[in-house]
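I opened this model to look up a few things for my notebook. The entries follow in the order I took them.

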Amino acid sequence: MDITPTTLLPLTLMGYVLGCAAGLLFLRHEKLANLCSFGCATLAALCGTVACVMSLTAGPAAAPIQLQLLPTLIPYVQFTVRLDPLSAFFGLIVSLLGFALSLYSLGYARGFYGRKNVGVLGAFFNLLLLATTLVVMADNAFFFLMVWEIMALSAYCLVSFEHEKPETRSAGVLYFVMSHIGTGCIMLGFLLLFQASGRVLGNYGPDAYSFAGFHALTGNVSWLSSGSRDAAFLLFLIGFGVKAGIVPLHTWLPAAHPVAPSNVSAFMSGVLIKTGIYGLTRVFFFFLGTPPMWWGVTVLTIGTVSAVLGVLYALMEHDLKRLLAYHSIENIGIILMGLGAGL
């Protein structure tokens, strides 16, 4: 079998599915559940890392890789993924951190033996890795929103893993509510793009909600009125900003970090909040066309405030996980400053 991104990517996704199934299959055998679920995640993440590196090193002239994962069982819903340079870059981040954390989890999960179900932890961890990988590679709005919601729900279950503690339940509910507020804003933003794309293409079929259809709008800024275009910008900024943890939408992050298992907390800080950055980058630079000046100023200002307040809050913290949460907010602010300058 030739080792190419086209062959490695399905192996990556299948590895996460097998890891999830293994965790559930060996619920009553914690050692076996630990070995199989996190072992599958480690191998799957390794395949994903190699696939993304090969895709990035192929050069800009290489055509993006597009795969259909499942047959179209529901009209207008296509389960397709597309590995272009932006997806490969963020996919590499997901896979590299997923590999390191899965390897670490083989030892870390032993601390739960006899008091928590390791199989459940492994199953949801694999599901989170699978959904996050698909988020950065989804090729249309419907599929993106489906895996985005699976990512949010699996993260909620992991944050609430030690649910017998009141602070854990409160943090889980806060994350759940904030995440769905963000999802609602993203859905409204995609509906505006879908409406415009359908008008440009002359139909509202699958091409109208594909990312390729949205990308075709960038060359024609008259596709949407100025007010609707600004509304789409604000909706996406709020929707993806919640996941990224920008100030003032960051309240869930310092609450969820301390109560989540350490491997989950690390994944949230290193990977999960970066899916918000991926969404902002994809939408602002690929779908919305040439931005007006105030868009860039807004993002730059929010990034500056997030960076400054994040480090100030971190200076007052003595809890290590909350300290890392506020430093994550600071890092997101620095990234947003770069995005704002680019806009």
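**Entry 1: cysteines**

How many disulfides does the count come to? I counted zero disulfides, where a disulfide is a pair of cysteine sulfur atoms within 2.5 Å. For the record, a disulfide is a covalent bond between the sulfur atoms of two cysteines. I looked up Cys36: the closest cysteine sulfur is in Cys40, 6.4 Å away, so the two are too far apart for a bond. Cys36 counts as partly exposed because its relative accessibility is 22%. Cys185 counts as buried, at 13%. The cut-offs I used are under 20% relative accessible area for buried, over 50% for exposed and partly exposed in between, with a 1.4 Å probe and protein chains only.

**Entry 2: ground rules**

This is a predicted model, in which local features need pLDDT of at least 70 and side-chain atom pairs count only at pLDDT 80 or more, while totals for chains, interfaces and linings use all residues. Residues are numbered from 1 along each chain as its sequence is written, and side-chain values use heavy atoms, with hydrogens and water left out.

**Entry 3: overall form**

I find 13 helices and two strands in the protein. These are DSSP runs numbered from the N terminus, helices being H or I of at least four residues and strands E of at least two. The C-alpha atoms fill a box of roughly 60 × 55 × 35 Å along the principal axes. The radius of gyration is 20 Å, which agrees with the value near 20 Å that a compact globule of 343 residues would have. That radius is taken over C-alpha atoms, and the globule rule is 2.2 Å times the number of residues to the power 0.38. Of the 343 residues, 52% are buried. I also checked contacts, meaning heavy atoms within 4.5 Å. Among those between residues at least 6 apart in sequence, 77% join residues at least 24 apart.

**Entry 4: cavities**

Rolling a probe the size of a water molecule over the atoms shows where empty space is left. On a 1 Å grid over the protein atoms alone, a cavity is a set of points where a 1.4 Å probe fits but cannot get out; a pocket is an open set with protein on both sides within 12 Å along at least five of seven lines; lining residues have an atom within 4 Å of a point. Grid points are joined across faces, edges and corners, and a volume is the space filled by probe spheres set on the points.

I counted two cavities of 30 Å³ or more. The largest holds about 40 Å³. Its lining consists of Phe90, Ile93, Val94, Val136, Val271, Lys274, Thr275 and Tyr278. Helix 3 (85–108) and helix 11 (274–286) each supply at least two of the lining residues. By class I have six nonpolar, one polar and one charged. In this scheme Ala, Val, Leu, Ile, Met, Phe, Trp, Tyr, Cys and Pro are nonpolar, Asp, Glu, Lys and Arg are charged, and the others, Gly among them, are polar.

The second largest cavity has about 30 Å³. Phe144, Phe190, Phe211, Phe240, Tyr278, Gly279, Arg282, Val283 and Phe287 line this one. Helix 11 gives the most to this lining, with four residues.

**Entry 5: the largest pocket**

The volume of the largest pocket is about 300 Å³. It is lined by 15 residues, of which Val17, Leu69, Leu70, Leu130 and Leu134 are closest to its centre. Helix 1 (5–25), strand 1 (65–70), helix 4 (118–135) and helix 5 (141–159) are the elements that give two or more residues. What classes make up the lining? I get 15 nonpolar, no polar and no charged residues.

**Entry 6: single residues**

Ser328 sits in helix 13 (residues 320–342). Its relative accessibility is 5%, so Ser328 counts as buried. Leaving out residues up to four places away in sequence, Ser328 touches Leu253, Ser269 and Ile273.

Leu25, in helix 1, counts as exposed because its relative accessibility is 63%.

Ile302 is in helix 12 (residues 293–315). With the same sequence neighbours left out, up to four places away, Ile302 touches Leu237, Ile246, Val247 and Leu336.

Val247 led me to its peptide bond with Pro248, which is cis, with omega near 10 degrees. Most residues other than glycine have a negative phi, and most peptide bonds are trans. Pro248 lies in the loop between helix 8 (226–244) and helix 9 (252–259).
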